Amino acid sequence: MTQATAEALGDFGRAVRDGLSQARKSIPARYFYDLRGSELFEEITALPEYYPTRTETALLRHHAGDLGRLAGRGRAVIEFGAGSATKTPLLLAATEAATYVPVDISGDFLAQSVAALARSHPGLRIVPVAGDFSRPMDLPALPRPLTGFFPGSTIGNFDPRAAVDLLRSFRETLGEGARLVIGIDTRKNARLLEAAYDDAAGVTAAFNLNLLERINRELDGTIPVDAFEHRAVWNDGQGRVEMHLAATRAVSFSAAGRRFSMHPGETIHSENSYKYSLAEARLLARASGWEPIAFWSDADDMFGLHVWAAAGEGERS
Ligand SMILES: C[S@@+](CC[C@H](N)C(=O)[O-])C[C@H]1O[C@@H](n2cnc3c(N)ncnc32)[C@H](O)[C@@H]1O
C-alpha cells in the first residue's frame with residue numbers, strides 16, 4: 001500500500017498516517033471504536049474502577065421525574081455516540097420519547113445495540129445513523145423540537161476548544177427549542193482518575209492496544225503490538241487523563257502505506273479525557289450556545305448530569 005492515495009486510505013488511514021508522522025505521535029480517540037473496541041469499552045463500563053457508567057446511570061434513574069419535565073416530553077431523542085445504549089431506556093422512559101436516533105461511528109456495534117433496543121421497545125421508532133458526529137450528519141427529517149443525549153462524558157475526548165465547536169454544531173443540528181442531556185465527568189483525586197483508566201484486570205490496556213491491532217488489521221500494519229504498553233496519566237495543568245501507547249523498545253513498522261520508527265519510551269497519544277468542574281461545565285455550555293437549566297451530581301461529586309436548553313430563544317424551564 002506504499003502508493004496508496006489519500007482517498008484510498010479512508011478517514012482512519014489518513015488519521016493514522018498523519019498522526020504517526022507528527023513529532024508527537026497521536027491518533028484521534030474515535031478510532032478506538034471498531035467492533036472489538038466497542039466490545040472492550042462495554043467491558044470497561046462494568047469495571048469496579050470505572051465509576052462514570054454506574055454513577056451516571058444512578059443519576060438518570062434518580063432524577064427521572066425532573067428529566068421528564070425538563071428535557072422535553074414525547075420528542076425525538078438523538079443520542080450522540082450511543083454505544084451499547086444501556087442508559088438510553090432510562091431517558092426514553094423519563095421523556096416518553098416517540099422516536100430514537102442513535103448516532104455512532106462504530107456501525108456494526110450500533111446495529112447490535114439497535115436490534116437489542118428494538119426487541120425491548122417494540123413501539124419505539126428507531127432510526128440509526130452510522131457516522132462521525134463531528135462531521136456534518138445526514139439525519140432523518142424529524143418533528144421539532146428535539147432532545148439531544150450525550151452521555152458517558154464523551155465530550156471529554158475533545159479539547160475545550162473542539163468541545164465548544166462540537167456542542168455548537170449539536171445546537172445547530174438540534175435547532176430551536178432543543179434540550180441537551182449531557183454527562184460530564186468531574187475533576188477529582190488523581191489516584192481515582194488514573195485507576196479508572198488503568199484497571200487492575202487490564203481491560204483498558206487491551207482497549208488501548210486494540211488500536212494498534214486495528215491498524216494492523218485494516219491498514220496493512222506491521223506493528224509489533226507486544227512492544228507497546230498502556231499508560232494512563234492525569235495531566236493536572238490540562239485537566240485531563242491522557243492515554244498513551246508507549247514503545248518499550250526501539251521499533252520500526254509500516255502502517256497506512258508509510259514506514260515509522262519509534263525509540264524506547266516514545267508514545268502514541270491515543271486519548272484525552274478532560275474533566276470539568278461545575279463552573280467550567282457551565283462555561284462550556286454558554287460558550288457553545290446552550291443555557292444550563294439543571295445539574296445533578298452524586299454525594300461524592302464523581303460525575304455530573306446536566307440539562308441544557310438551546311440559548312437565544314427567550315425560554316427557560
Ligand atoms: C465513551 S463511549 C460512550 C458510550 C455510551 N454513550 C456510554 O455512555 O457508555 C463513546 C461512544 O461514542 C462513539 N464515538 C466516539 N467518537 C465518535 C464520533 N466522532 N462520531 C460518532 N460516534 C463516536 C464510540 O463509538 C462510543 O460508542
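**Exercises: the domain pair and the ligand**

Between domain 1 and domain 2, 3 residue pairs are in polar contact, both residues at pLDDT 80 or more; a polar contact is a pair of N or O atoms within 3.5 Å, where within protein one must be able to donate a hydrogen and the other to accept it, and residues adjacent in sequence count only if both atoms are side-chain atoms. This is a predicted model, in which local features need pLDDT of at least 70 and side-chain atom pairs count only at pLDDT 80 or more, while totals for chains, interfaces and linings use all residues. Residues are numbered from 1 along each chain as its sequence is written, and side-chain values use heavy atoms, with hydrogens and water left out.

**Exercise 1.** Describe the interface of domain 1 and domain 2.

Step 1. Set the bounds: domain 1 is 6–27 + 191–274 and domain 2 is 51–188 + 276–310, as given by an automatic or database domain assignment.

Step 2. Take the contacts (heavy atoms within 4.5 Å): 12 residues of domain 1 meet 13 residues of domain 2.

Step 3. Take the buried area, the accessible area (1.4 Å probe) that two parts lose on being put together, summed over both. The two domains bury about 930 Å² between them, 54% of it on carbon and sulfur atoms. On the domain 1 side, L192, L193 and Y274 lose the most area to domain 2, together 56% of what that side buries.

**Exercise 2.** Find which residue forms a salt bridge with D11.

Step 1. Apply the rule: a side-chain nitrogen of Lys or Arg within 4 Å of a carboxyl oxygen of Asp or Glu.

Step 2. The partner of D11 is R135, with the closest N and O atoms 3.0 Å apart.

**Exercise 3.** List polar partners of the ligand, with distances.

Step 1. K87 places a side-chain N or O atom 2.7 Å from a ligand oxygen.

Step 2. A ligand nitrogen is 2.8 Å from a polar side-chain atom of D132.

Step 3. For F133, a polar backbone atom lies 2.8 Å from a ligand nitrogen.
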